[in-house]
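Q: I would like a close look at a single part of this model, followed by how the rest is put together. Please keep it plain.

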Amino acid sequence: MRNSSTAVIGAGSWGTAIALLLSSKGYHTYLWGHRPEHIVSLQKERQNSRYLPGFLFNENLYPVEDITNHLGSCRVVNMVVPSQFFRGVFRKILPHLQKGTVIVSAVKGIENDSLSTMTEVMHEEIDTFGSRADYTLAVLSGPSFAREVAEGHPTAVTVGSCDKDTAMMLQNFFGTEIFRVYTSDDVTGLEISGAFKNIIAIATGICDGLGYGMNTRAALITRGLAEISRYGVYRGADPRTFLGLSGVGDLILTSTGDLSRNRTVGIKLGNGKKLEQILEEMEMVAEGVKTSLSGYNLMKRAQVEMPILEQVYTILYENKDCAIAVKDLLSRQLRKE
């Protein structure tokens with residue numbers, strides 16, 4: 001596929017990092033974002049000064065204002081749009097995709113209204129406007145801060161698809177000497193772990209903001225992994241997925257890394273700031289905020305016990321005091337691990 005075309009839908013930090021990666025491999029990479037003035041600045045400056053500054057675009061990276069003119073030549077289309085806008089954007093591009101297109105979701109979230117993962121959203125839209133046989137869906141997940149990928153730090157991720165050949169093709173499509181890609185057929189597990197880990201990252205950030213130590217952080221990460229696994233197995237995921245890169249790997253990164261938006265939200269909440277103020281101050285989306293609402297409703301529907309998720313939800317959406325939430329979490333009835 002070298003010298004073929006691909007598209008990245010979403011010109012935030014992660015979309016830009018993916019575009020930089022693919023264009024460096026020789027793919028003609030079209031990068032699109034929803035604000036025309038942003039795309040114009042990308043074209044002029046040849047870098048994403050707003051979301052990922054300092055990384056100049058090479059000659060294979062083309063920011064475009066109208067992506068629909070280019071989708072017909074793209075065998076692989078990468079969706080990197082925040083989860084709550086994902087459906088609307090996908091609906092607009094779907095009629096312009098060629099049959100046989102592989103569509104990769106690199107989004108870690110769950111839609112609030114439908115409680116659907118991103119592949120479920122795509123299937124719903126395809127069922128309405130086309131045929132599932134015309135497209136193949138995949139997921140890219142794992143511990144991967146955009147800036148570190150752009151800087152060339154060794155990174156390992158997982159690409160998942162129900163079609164084994166597609167997963168293997170994407171393994172080579174994305175993979176480089178420093179960007180190692182593993183394959184999986186557990187799309188459900190990848191999407192559940194990728195979305196729910198952001199909630200646990202908010203919880204660990206809250207405890208960091210409250211001044212608690214490493215003991216607290218380790219406990220939250222460990223028990224958070226138990227919650228994610230419990231719900232994922234309920235949904236039919238392979239329990240081994242949660243011990244892999246997209247599970248515990250991404251959970252550790254997002255819960256401890258200084259580049260984590262979700263952890264940053266938690267720290268500011270623990271420091272006493274209001275959620276509205278925190279979100280106003282942020283340039284980029286912290287998916288865990290919206291996913292906490294989706295996750296809470298999914299938890300209630302499934303009747304699966306997820307106490308950390310429940311406390312994060314009450315902090316975000318019921319204005320519960322952070323210190324009281326931690327106390328309530330620790331004062332629950334004692335039980336066997």
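Why are tyrosine 313 and tyrosine 317 separated by about one helical turn?

A: This is a predicted model. The two tyrosines lie four residues apart in helix 13 (residues 307–318), so about one helical turn separates tyrosine 313 from tyrosine 317.

A search of the whole structure finds eight aromatic pairs. One of them is formed by tyrosine 313 and tyrosine 317, which is stacked because the ring centres are 5.5 Å apart and the planes are at 25°, with under 30 degrees counting as stacked. Tyrosine 313 has a relative accessibility of 12% and therefore counts as buried, under the cut-off of 20%. Tyrosine 317, at 31% relative accessibility, counts as partly exposed.

Another pair is edge-to-face: phenylalanine 173 and phenylalanine 174, with 5.0 Å from centre to centre and 80° between the planes. Both phenylalanine 173 and phenylalanine 174 are buried. Ring pairs also bring in Tyr27, giving a cluster of Tyr27, Phe173 and Phe174.

The two phenylalanines lead on to the sheet. Helix 6 (residues 164–174) is the helix through which the chain crosses from strand 7 to strand 8, in a right-handed β-α-β crossover. Strand 7 (residues 155–160) and strand 8 (residues 179–184) are paired in the parallel sense, over six bridges. Within this pairing, valine 159 has threonine 183 of strand 8 as its bridge partner.

Strands 7 and 8 belong to an open sheet of eight strands with mixed pairing, in the order 3-2-1-4-5-6-7-8. Strand 3 (61–63) and strand 8 each have a single partner strand, so each stands at an edge with one side left without a neighbour in the sheet. On average, and with direction ignored, neighbouring strands are turned by 25° against each other.

Elsewhere in the sheet, strand 4 (residues 74–79) pairs with strand 5 (residues 101–105) in the parallel sense over four bridges. Asparagine 78 has valine 104 in strand 5 as its bridge partner.

Helices also pack against the sheet. Helix 1 (residues 13–24) touches strand 1 (5–9), strand 2 (28–32), strand 3, strand 4, strand 6 (135–141) and strand 8. The direction of helix 1 makes about 170° with that of strand 2. Helix 4 (residues 118–129) lies across strand 4, strand 5 and strand 6, and runs at about 165° to strand 6.

Key. Residues are numbered from 1 along each chain as its sequence is written. This is a predicted model: local features need pLDDT of at least 70, side-chain atom pairs count only at pLDDT 80 or more; totals for chains, interfaces and linings use all residues. Side-chain values use heavy atoms; hydrogens and water are left out. Rings of Phe, Tyr and Trp (its six-membered ring) pair if their centres lie within 6.5 Å; planes under 30 degrees apart count as stacked, over 60 as edge-to-face and the rest as tilted. Buried means under 20% relative accessible area, exposed over 50%, partly exposed in between (1.4 Å probe, protein chains only). Two strands pair if DSSP finds at least two bridges between them. A crossover is right-handed if, with the strands pointing away from the viewer, the path from the first strand over the helix to the second runs clockwise. Axes are lines fitted to C-alpha atoms, for helices over the stretch in contact, and angles run from 0 to 180 degrees between N-to-C directions. Contact means heavy atoms within 4.5 Å.
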